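Open the model in your viewer and keep the selection box at hand. Each stop below gives something to select and then says what is there.

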Amino acid sequence: MRVSREQAAANRERVVKLAAELYRERGFAGIGVADIMKSAGLTHGGFSGQFGSKEGLMAAACSEALAQSAAYWDALTAADPQRGLAELISHYLSPAHRDAAGQGCAIAALGPELARAAPAVRSAATSGIQAMLDKLAQALPAGTDPALAMQLYASLIGTLVLARAVDAPELSQALLEQNRAALLAQIAALTPDPQA
């Protein structure tokens, strides 16, 4: 039975959103295409026409996950970039984000796998990473060295990866708290005091 173009597009979107979550949750090697299609309520038969290959789905899912993060970051920083940046840091380095890999940062969840992924997947990740770096740079106070955006992004990702990797809850919590406090202090020091 043939499906309409609209239904095919809706099916593709559903698969991509689900794959973005499942890949972040389980890793690229942790779930197969057949299981993703089944979870989406679809047969494996329509996969090739929609994505061409597993790497095509991985690239689309990576782009989707990073677009979700970008939209969230935009919402936080739109009205007040510096306050939004502090909120972003606080959320990013929170137990809630640590414990919800499927809804969180794709780079922290998939970073080591992305380094060994197919060129199309790495290209999608590179585009998303550059967009996130640009968003961070725009949220920093005027006159701040743009290199700080790279340092901040790397600190956020590295801290989250470590907090997820350890099996000691106290250490995981300390990593989040100590690095969150240090980054917030660094950002606060850059923000001009309106009272001065």
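**Stop 1: a buried glycine**

Select G84 in this predicted model: its relative accessibility is 2%, so G84 counts as buried, given that buried means under 20%. G84 has its place in helix α5. Show the contacts of G84, skipping residues up to four places away in sequence, and you will find L76 and T77. Now add Y153 to the selection. G84 and Y153 are 69 residues apart in sequence, and their C-alpha atoms are 15 Å apart in space.

**Stop 2: along helix α1**

Select residues 5–26, which make up α1. How far apart should the ends of α1 be at 1.5 Å a residue? The 22 residues of α1 should span 32 Å, and the end C-alpha atoms are 31 Å apart, which agrees. Next, colour the buried residues of α1: A8, N11, V15, V16, A19, A20, L22, Y23 and R24. As you look at them, keep one rule in mind. An α-helix has 3.6 residues a turn, so residues three or four places apart point the same way.

Stay in α1 and pick V16. Its relative accessibility of 7% is why V16 counts as buried. Leaving out residues up to four places away in sequence, V16 touches F51, A60, A61 and E64. A distance to try is V16 to S63: the two are 47 residues apart along the chain, and their C-alpha atoms are separated by 9.2 Å. Then move to G27, just after α1, where phi is positive at about 90 degrees.

**Stop 3: Y23 and the nonpolar core**

Which residues touch the most other members of the largest nonpolar core? They are Y23, Y92 and Y153, in a core of 55 residues. Helices that each supply at least two residues of this core include α1, α2 (33–39), α8 (119–139), α9 (147–165) and α10 (169–190). The largest share, eleven residues, comes from α4. In soluble globular proteins, nonpolar side chains tend to be buried together.

Centre the view on Y23. Apart from neighbours within four places in sequence, Y23 is in contact with F28, I31, I36, K54, L57, M58, A61 and L110.

**Stop 4: the cavity**

Rolling a probe the size of a water molecule over the atoms shows where empty space is left. A search of the whole structure finds one cavity of 30 Å³ or more. The space in the largest cavity is about 30 Å³. To see its walls, select A19, A20, Y23, R24, F28, M58, A61, C62, A65, A106 and L110. At least two of these lining residues come from each of α1, α4 and α7. By class, the lining has ten nonpolar residues, no polar ones and one charged one.

**Stop 5: the largest pocket**

Finish with S69, Y72, H97, Q103 and G104, the closest to the centre of the largest pocket among the 17 residues that line it. This pocket holds about 220 Å³ of space. Which elements give two or more residues to its lining? They are α4 (54–77), α5 (81–92) and α6 (95–98), and α4 gives the most, with five residues. Colour the lining by class to see ten nonpolar, six polar and one charged residue.

How values were computed
Residues numbered from 1 in each chain as written. Predicted model: local features only at pLDDT ≥ 70, side-chain atom pairs only at ≥ 80, totals over all residues. Heavy atoms only, no water. 1 Å grid on protein atoms, 1.4 Å probe; cavity = no way out; pocket = protein on both sides within 12 Å on 5 of 7 lines; lining within 4 Å. Points joined across faces, edges and corners; volume = space filled by probe spheres on them. Helix = DSSP H or I, 4+ residues; strand = E, 2+ residues; numbered from the N terminus. Nonpolar A, V, L, I, M, F, W, Y, C, P; charged D, E, K, R; others polar. Core = buried A, V, L, I, M, F, W, Y, C linked by side-chain atoms within 4.5 Å. Buried < 20%, exposed > 50% of the residue type's maximum accessible area, 1.4 Å probe, protein only. Contact = heavy atoms within 4.5 Å. Expected span 1.5 Å × (residues − 1).
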